[in-house]
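I opened my notebook for a look through this model. My plan was to take the packing, then the pocket.

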Amino acid sequence: MSDVTVVPADRRVFIDKQSPQAYKALVAAAEAMREVAAEAGLDRRLVELVNLRVSQINGCAYCLNVHTRAALREGETTQRLGVLPAWRDTEVFDRRERAALALAEATTHPADAALQEAAYGAAREVLSEAEISAVVWVAITINSFNRVSIMSKHPVRPAPAPAR
C-alpha cells in the first residue's frame, strides 16, 4: 500500500491556463523549433516520430493523442506508429530515422551517459550538424510539453465515431 495521495483530475491546475505567459513562451519555442527543423531539412513525419517516441517514454497520453493524429495527417503509416515503441527490433525505419529516435531517447534520459554517447555517435554518422541540433530541440520541446500535460492531467476524450 502506498502513502501517495492522488489528487483527482478535476482538482488539478492546468498550468498552461494558470500561467499563460509561460505557456505562450513555450509555444513560441515550439514555433522556433519547427522553423529550425524545417531549415535543417527534417521531414515533418520524422519530427512527429520523435514527438511520439518521447511522449511514449514519458507516458504523456495527451501528447500521444495529439501527435498520433499529426503523424497520420503527415502520411505516417499505422504499421510504423504501431511498432514505434520497439523501433530497434524492426526494419521499417531507415538509418536517419533510427539515429534521430536514438538521439531523442538520449535527450529524454540525460543521466544515461552511455546511451547519450552511443546515440550521438550514431547520429554523427548519418545526420548533419543542423539535423542533430534540430532533433535535440524537437526532443527538448516535446519533453517540456509532456511535463505540462502530465502535471496538468490534460484529458484525452474519446474521438467521435466516424460518419457512416
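Entry one, a term to start with. By contact I mean heavy atoms within 4.5 Å. I also note that this is a predicted model.

Entry two, L42. I skipped its neighbours within four places in sequence and listed the rest: L42 is in contact with A37, V47, R96, E131, A134 and V135.

Entry three, the core. Which residues have the most contacts inside the largest nonpolar core? I found L42 again, along with L49, V50 and L84, in a core of 38 residues. I then looked up where the core residues come from: helices 2 (20-40), 3 (44-58), 4 (61-73), 6 (95-108), 7 (113-126) and 8 each supply at least two. Helix 8 gives the most, with eight residues.

Entry four, helix 8 itself. This helix runs over residues 129-152, which makes 24 residues. From first C-alpha to last I read 35 Å, close to the 34 Å expected at 1.5 Å a residue. Just after helix 8 comes K153, and its phi is positive, near 55°.

Entry five, the pocket. I asked for the volume of the largest pocket and got about 390 Å³. The lining has 25 residues, and those closest to the centre of the pocket are Y23, C63, V66, H67 and F145. Two or more lining residues come from each of helix 1 (15-18), helix 2, helix 3, helix 4 and helix 8. How does the lining divide into nonpolar, polar and charged residues? My tally reads 14 nonpolar, five polar and six charged.

Last jotting, on helix 8: this helix contributes to the core and also to the pocket lining.

Definitions and conventions. Residues numbered from 1 in each chain as written. Predicted model: local features only at pLDDT ≥ 70, side-chain atom pairs only at ≥ 80, totals over all residues. Heavy atoms only, no water. Expected span 1.5 Å × (residues − 1). Core = buried A, V, L, I, M, F, W, Y, C linked by side-chain atoms within 4.5 Å. Buried < 20%, exposed > 50% of the residue type's maximum accessible area, 1.4 Å probe, protein only. 1 Å grid on protein atoms, 1.4 Å probe; cavity = no way out; pocket = protein on both sides within 12 Å on 5 of 7 lines; lining within 4 Å. Points joined across faces, edges and corners; volume = space filled by probe spheres on them. Nonpolar A, V, L, I, M, F, W, Y, C, P; charged D, E, K, R; others polar.
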